[in-house]
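Me: I am a first-year student, and I would like a close look at a single part of this model rather than a tour of the whole. Please go slowly, and explain each term when it comes up.

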Amino acid sequence: MDRDSELELVRRVRDGDTDAFDTVHAMFNARLFSFLARMAGNRDVAQDLLEETWLRLVAHAERLDPDTRLGPWLFAVARNLHISYCRSRAIEVSHAEAGISLWPTATPVSPFDHSVGQELEQQIEAALARLPVAFREVLLLVGVEGLRPAEAAVICAISPEALRQRLKRARALLQHRLDEVQKSRSGGEVHDVIPRTIRSND
Amino acid sequence: MSFHEQFDPTIDLLRRLPQPPPETNATARVRRRCHAAMARRTAHRARANRPDPWRFHLSEAVWIVPLSLYLLAAVIETMRVASSL
């Protein structure tokens, strides 16, 4: 979506246009849920936080700045709601591998699920879930959601330079965690799965 | 080439992760709730913009209270003079 279209959407949302809201909802709902599910490690919590995020947009629609960037605004709200949720329950935000439940329980297990790609995805999810929340959120925002580092810095309320440093450390720690996960699954033998998979996909 | 555009295998891997889908029923429910909230706000705004019949506002007490006291005093004074005649 180009900037002019986004500005027009913001104007219509501010005016209470439900069609404009639906457009924004369709653009960001799945992405926000994906982000929240990986942050919370729990679909039900993610769904509740997602609902609250949209209600916040409606409640603050009239007070949005005309030049608001919708993506960073929504992700910042979602992130802050997740932080508030964790604080209110004083819960540990790094999840054990067994505690990850990102996918619907009704999702059938197909032979495809056993493919190498699926296994690699599970390893990445497990490694991500074991990262400290500050590292996980920057990897999710920049890596998974494809936001620009400057936008992610605004969402995380840190300077762009601090975000670069955090992203660099997060990538190194993720790689370390991936090595650990692969090591534990292969019974101590480390395989260099990632570069080989990238080459095979490219 | 900018920082963001540099190829990074870790970021590339993350970008390939599939999105866990939200619940369809919950998504529809959220949209309904948001539409209802937007409709309430629109109706509230329309009411606020409509010219209302006169209602008492605190700022109007600035002149209403002294005027009322003056009128009351005038009535009492009139009654007192009338009763003394």
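Where in chain A is Glu6(A) found?

Reply: Glu6(A) is found in helix H1 of chain A, the helix made of residues 3-14 (helices are DSSP runs of H or I with at least four residues, strands are runs of E with at least two, and both are numbered from the N terminus). The model is predicted, with local features needing pLDDT of at least 70, side-chain atom pairs pLDDT 80 or more, and totals for chains, interfaces and linings using all residues. Residues are numbered from 1 along each chain as written, chains are lettered from A and ligands numbered from 1 in written order, and side-chain values use heavy atoms, without hydrogens and water.

Let us begin with the surroundings of this residue. Glu6(A) counts as buried because its relative accessible area is 7% (buried is under 20%, exposed over 50%, partly exposed in between, with a 1.4 Å probe and protein chains only). When residues up to four places away in sequence are left aside, Glu6(A) touches Met1(A), Thr68(A), Arg69(A), Leu70(A) and Gly71(A), where touching means heavy atoms within 4.5 Å. The side chain of Glu6(A) also makes a polar contact, at 2.8 Å, with the side chain of Arg3(A) (N or O atoms within 3.5 Å, one able to donate a hydrogen and the other to accept it within protein; residues adjacent in sequence count only through side-chain atoms).

Elsewhere in helix H1 of chain A lie Glu8(A) and Arg11(A), three residues apart, which is about one turn of the helix. The side chains of Glu8(A) and Arg11(A) meet in a salt bridge of 2.7 Å, taken from N to O (a side-chain nitrogen of Lys or Arg within 4 Å of a carboxyl oxygen of Asp or Glu). Glu8(A) is partly exposed, at 34% relative accessibility, and Arg11(A) is likewise partly exposed, at 42%.

Arg69(A), one of the residues that Glu6(A) touches, has a salt bridge with Glu151(A), in which the closest N and O atoms are 3.6 Å apart. This pair links distant parts of the chain, since Glu151(A) sits in helix H7 (residues 149-156) of chain A and Arg69(A) in the loop between H3 and helix H4 (70-89), 82 residues apart. The two partners are covered to unlike degrees: Glu151(A) is buried, with a relative accessible area of 13%, whereas Arg69(A) is partly exposed, at 35%.

Another salt bridge in chain A makes a useful companion example. Arg130(A) is bridged to Glu180(A), and their closest N and O atoms are 3.1 Å apart. This pair also links distant parts of the chain, with Arg130(A) in the loop between helix H5 (116-129) and helix H6 (133-144), and Glu180(A) in helix H8 (residues 160-185), 50 residues apart. Arg130(A) is partly exposed, with a relative accessible area of 30%, and Glu180(A) is partly exposed too, at 27%.

Now we can return to Glu6(A) itself, for salt bridges that share partners join Arg3(A), Glu6(A), Arg69(A), Arg148(A) and Glu151(A) into one network. Arg3(A), the polar-contact partner of Glu6(A), is therefore found again in this network, alongside the bridged pair of Arg69(A) and Glu151(A). For the wider setting, a search over all chains of the structure finds 21 salt bridges.
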